[in-house]
Amino acid sequence: MSVPDTTLTPLVAQERRLPGVRWMRNKTLMAGSALLLLIVLAVLLAPVLAPHDPNQQNLFDVLAPPTAAHPLGTDDLGRDVWARLLYGGRIDLAIGVSAVIAPFILGSALGLLAGYLGGWVDAVIMRVLEVVVAFPFYVLIIAVVFALGAGVGSIFIAITAVGWVSYCRIVRGEVLVAKRLGYVEAARAAGLSTPRILVRHLTPNVLTQALIYAMSDIVLTILAVVTLGFLGLGVQPPTAEWGAMLQSGYQYLATDPILGTVPGVAVVITGLSLSLIGDGLAAEFGKT
Amino acid sequence: MSTPALLHIEGLSVAMPGPRGRVPVVDGVSLDLPEGRSLGVVGESGSGKTTTLRAILGLLPPGGRATAGRVEFDGEDLLRAGERRLRQVRGGQIGVIWQDPQAALDPVMRVGDQIAEAVHAHALSNWSVSRRRAKELMRLVELPDVDRTFRTFPHQLSGGQRQRVVIASAIAGNPRLLLADEPTTALDVTVQDQVLSLIGRLRADLHVALLLVSHDLAVVGEACDDVAVMYAGRVIERGPAASVFSAPRHYYTVGLLAAAPQVDRPGVRPSSIPGTPAVGVVRRGCAFAPRCPAASEDCVAATPQLGGEGAHQVACHHPLRIAAPAVRTRARGND
Amino acid sequence: MTELLLDVRGLAVVYPVRGRDRRPVRAVSDVSLSLQRGETVGLVGESGCGKTTLARALVGLERSTGVIRLGGTTLAARRTRDQARRIQIIFQDPYASLNPRLSVRSTLEEMIRVHRLRPGREIPRRARELVDLVGLPPASLEARPGSLSGGQRQRVAIARALALQPDVLVADEPTTSLDVSVQAVILELFARVRDQLGLALLLITHNLGVVSAVCDRVAVMYLGRIVEAAPTSTLLADPRHPYTRRLLAAVPRLGAAARERAALQGDPPDPSRVPDGCPFHPRCPEATAYCAAASPELSAGQLASNGAAPHLAACHYAWAPPGAEEGAP
C-alpha cells in the first residue's frame, strides 16, 4: 500500500500569504516606491503645489532669486522655476515610462522567439541586433530624431528602434536556459503547441529580468529625453521640460546656479527611486 | 578509552539562519574517531550530517554558528580556535574531499598547479619542490600520464579524474584526518568503485583517519569501521558498522535499511518509512516518534540519549534488542 | 498474451559535428526494445551511454531515426497531439519539473483541458482524482511548487504525466535526487499506478539496486548501444557481457561477502569517439583482436523457453568463451 504524503511541509502555510505582504518587508523596494510615489504625486498635483503658469513670462522679473512667491526663483524669461519643474516633470516621466513600453514589448517578443525557436529566426534577429548595438546609443537616437524632425513623436520612434535590443538579449538569454527546464520539456512532450508554451510557460518566468531592467531603462530614457531637450531636439519650447530647462539654465551657472542644477537634481532623484525599485524587485524575484 | 580519539566531538549544536531568526539544525552531536580509523555519518537530507562536517572546520555557510559543544582535534578545540589557526589546519592536518569535484576546482587554473598550491600552503619549500611533490601525489592517486595531466585544466578531465585531483589536494598537507562529504555521489558506479578503492588504499598506506558523510549505506558499510546514524540533527545510533547494519536497534535505522534497494535481493520491494521526514531539530522528545511503530508517551516527553553497553549505542526509549531481519554480517574484506 | 504497448526498432540519435574531432556524435545507435502492458523495464548505464537521450527521443524531445510504434501506430517524425499524449516522461530534477508560477491545479488542469480529456465542468474533479492517485492531500492543489518538497514535486510530476492517460511512462532517474526513504515511496507509487492503470513503465537509472528491486526486465547500455538485455533475475545471476559483469561487481553491497575492488579501469567513454569494433573493447580485460575488428550484434544464448523474454548479449564471447579459437567465433 503506497504511503500517501498527507502532511505538506510547513512551508505551505507561509506561502499562503499574499505576495504583497512579503513585498512590504523589502526595504529597498519600499523606499524606492515611496520616493517614486512622492515624485509622481508632486507632478500630478502641480496645479496645487505651483500656482503659477509655467509658461507665463514676466520680463520684469527675470532670474530672480528664491522668494515666497517663487520658491525656486525665476528663469531667464521670468517664468516660475518651481512650476516649470513640476510641469516639466510630467512630460519627462510620462515619456520616460511610455517610451519604455514599446521597446519592452518588441524586444521581449523578439527575444522569446529567437531563444525558443533558434535556427534561422535566431540568426536573423541576432544579426539585426548586432548592427544596432554596434552604434553608440546616443548617436543612433540623435540621428533618428534629427532625420525625423524634432518632437515627441520622433523621440518615441527613436527610442523604440534603438531600445529593444537590451530586452531582446535579456529575454533570449533567459529563454535559452528556461527551455531546457523540466516543465518546459514536459509541456513539449505532452504535445502542447508552441504558442501555448511561449505564452503560458515561458513568458511569465522569463520576463522578470526584463522587468527589472525596465526600471533602469526608464531612467535611461528620461536621460535621453532630457539630453535631446538640452540639444534642442526634443520637446519643443515653450513647453516646460527638464532638458529644455537645463539648456536655458546652464549659461547662468556662475550667477544663478539654481536654474541649471535643479532639473539635474530632479533627474537624479527620479533615477534613484527607480534604481531602488529595480534592486528591490531583483531581490524579490531572486527568491524562487 | 585506551587512546584518546584523534577527533572528539562532544555535544555539538549548530544553528543556521532562517526566515525568523536562527534555527537549530544540529543538536548535541557527539562522535569519536580514533587515529587511523574510519567513521561514516549517514542520514538523509535535513539530518544535519553535512552541517556537522562543516562545523568541524568552521566552514558553515554565512550566518551559521556552533552554539554549543566542543570539537577536539588532537586535544585542541577547533570551535574556539581563531581563523588563522583554522586555516593552518584546513588542508594541512585535516584534508577535505567535497561532493562535487567540478565545483571544488578552479576552472581557470591547471590542475597540477592547484595541487602544488595545496602542497605549498602547508610546507616550507619553494615552488619547484612543491611542483615535484604535486606530481608524486598525482602518481599516488593514479592519475594517468602525470606530466601531461599536470598541465590540463579541470574541464579537460573526467569526473573521476577530477575527484582524484581533489583527493591529491586533500592529502597534500599530510593530513591525519580526511573529511569526505559525499565524495562519490556525483560519480558513476564504476568510477565510484575506483575512487573508494583509492581512498581505502590511501588510508591504509598513509594511516589517515576518515570521516565519511554519505546517504549511501552500502558505501559507508564498506568503507567505514564505525558508523553514526543521524536524524533531525541528532545521532540516534552509533557503533561498529558491521554491528549497526546487521543488527540495528533504532527503528529509523531499520527503516533506512529496508528502504535501500539492494542489488542482491532482486524483486524485493524497498519499503518506505511511514510519515514525512522531520524538518529541523525537534526541541523535546524523540524526533522520530511520529513515524515510529513503537512510540509511546515518554518518547514525546523526554529526549532519548545515546546509551547501551559496549560500542553499539542507540538513542531510543525502547530500542530493539534482537537482530532485526536485516542484512547478514559480512567479513571485513580487503580495504 | 499481454499487449505490446511500445515497440522500438533501430532507433538512432545522431548529433551532427559536435565532437572535438568534428565527427558526428552517435548518442544512440540501433536500439530496439519493447514494453508490454504491466511491465517495468529498466535501462541502466553510466554517463555517456545514451540512456537519457533515448528517453528523450521516445517522447519526441530529440530527433531520431528508426521506428517507434505505440500500441500498433507508427509514430511519424512530427507527432500528432494524441500520439504525443500516449507516452509521457518524468524527469530527474523535481525542482525544475514544475512551472514555478502555476499552482498544482493549473498545471494539471491545463493538461486535461488541452487534450480535451474531460468536459469543462468535470475538470476540477479530475484534478482532485489525480492528486489523490499520487497520494497528495487535496489542499496541495492550491499550492505552488515552491511550497512542496522534492518528493511531493515528483508526485505532482507523475500526476501531470498521468493526467494525459498515457500508455507508456518513461521515468528518467526519477528518484536519484531524492532521499532513500522518499525513493522507496515513489517507487511504490510507480508500481501501484502501473498496476492500477495498466501502464508500461520504462525506468532509466544508474542505480542497479533500484533495477533489481522493481524491474521485470533490464537492458544495459554502453556508448549508445544495448549490450545486454534479460529478465532481471537472469541478468543478476548470469551476466554475459563483460561490461555488465564489471558494472555489477562495482556496486557496493551491504552485508555481502567482500567483493573484488576496482572492477573496471578507466572512465566512461566519450560518445564522440566511438571505437571501431566492439565499443567496449578498449576497456575490456577479455578483449581479443577480433573484438577490435568486428562489432558484435545482440545475440541470444538459447531460445527463450515458456514465453519468457530472451537473454541477449552483444559480445562475441557471450555464449562461447574465447581461446577455443582466435578469430571468428
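This is a short walk through the sheets, cores, chain contacts and cysteines of the model.

Hi everyone, and thanks for coming. One thing to keep in mind from the start: this is a predicted model.

Let's begin with chain C. In what order do the eight strands of its open sheet run? Reading across, the order is 6-7-8-3-9-10-12-11, and the pairing is mixed. At the edges of this chain C sheet sit strand 6, residues 87–90, and strand 11, residues 299–300, each pairing on one side only. On the sheet packs helix 5 of chain C, residues 150–163, which touches strand 6 and strand 7 (168–172). The direction of that helix makes about 170 degrees with the direction of strand 6 of chain C.

Further along the sheet, strand 9 (residues 217–222) and strand 10 (residues 225–231) of chain C are antiparallel partners, with six bridges between them. If you want a place to look, C:Y222 has C:R225 in strand 10 as its bridge partner.

Strand 3 of chain C, residues 40–44, is where you will find C:T40. Is C:T40 buried or exposed? With a relative accessible area of 3%, C:T40 is buried. Setting aside residues up to four places away in sequence, C:T40 touches C:R194, C:L201, C:L203, C:V214, C:C215, C:D216 and C:R217.

Chain C has other strand pairings to show you. Strand 1 (residues 4–15) pairs with strand 2 (residues 25–36) of chain C in the antiparallel sense, over eight bridges. Within that pair, C:L11 stands opposite C:V31. Strand 1 of chain C also runs antiparallel to strand 4, residues 65–70, and five bridges join those two. There, C:R9 is matched with C:V67.

Now to the nonpolar cores. As a general reminder, nonpolar side chains in soluble globular proteins tend to be buried together. Here, the largest nonpolar core has 108 residues. Which of its residues touch the most other members? They are A:L202, C:I90, C:I158, C:L162, C:L169, C:F190 and C:Y243. Helix 10 of chain A, residues 194–230, gives the most to this core, with twelve residues. As for C:Y243, its contacts beyond four places in sequence are C:E46, C:V220, C:M221, C:Y222, C:V227, C:L264 and C:F280. Apart from the largest core lies another one of 65 residues, including B:V42, B:L202, B:A218 and C:V180.

On to how the chains meet. Between chain B and chain C, 43 residues of B are in contact with 41 of C. These two chains bury about 3800 Å² between them, and 53% of that is on carbon and sulfur atoms. Which three residues of chain B supply the most of the area it buries against chain C? That would be B:D193, B:E222 and B:V263, with 17%.

For chain C and chain A, 39 residues of C are in contact with 32 of A. The buried area here is about 2900 Å², with carbon and sulfur atoms giving 54%. On the chain C side, C:R101, C:E110 and C:S147 supply 18% of what chain C buries against chain A, more than any other three residues.

One residue in contact with chain A is C:A96, from the loop between strand 6 and helix 3 (104–114) of chain C. Beyond its neighbours within four places in sequence, C:A96 is in contact with A:L181, A:G182 and A:Y183. C:A96 counts as buried because its relative accessibility is 12%, under the 20% cut-off. C:A96 and C:P145 are 49 residues apart in sequence, yet their C-alpha atoms are 9.5 Å apart in space.

Over in chain A, please have a look at A:R84, in helix 5 (residues 81–117). This arginine counts as buried, at 3% relative accessibility. The contacts of A:R84 beyond four places in sequence include A:P54, A:N55, A:D75, A:P238 and A:M245.

Last topic: cysteines. How many disulfides does the structure hold over all chains? Zero. Why is B:C292 not bonded to B:C316? The B:C316 sulfur is the closest cysteine sulfur, but at 6.0 Å it is too far for a bond, as a disulfide needs the sulfurs within 2.5 Å. B:C292 counts as buried, at 15% relative accessibility. In chain C, C:C291 is likewise in no disulfide, and the nearest cysteine sulfur, that of C:C278, is 6.0 Å away. C:C291 counts as buried too, at 7% relative accessibility.

That's my tour; thanks for listening!

Conventions
Residues numbered from 1 in each chain as written. Chains lettered and ligands numbered in written order. Predicted model: local features only at pLDDT ≥ 70, side-chain atom pairs only at ≥ 80, totals over all residues. Heavy atoms only, no water. Pairing = 2+ DSSP bridges. Helix = DSSP H or I, 4+ residues; strand = E, 2+ residues; numbered from the N terminus. Contact = heavy atoms within 4.5 Å. Axes fitted to C-alpha atoms, helices over the stretch in contact; angles between N-to-C directions. Buried < 20%, exposed > 50% of the residue type's maximum accessible area, 1.4 Å probe, protein only. Core = buried A, V, L, I, M, F, W, Y, C linked by side-chain atoms within 4.5 Å. Buried area = accessible area lost by both parts, 1.4 Å probe.
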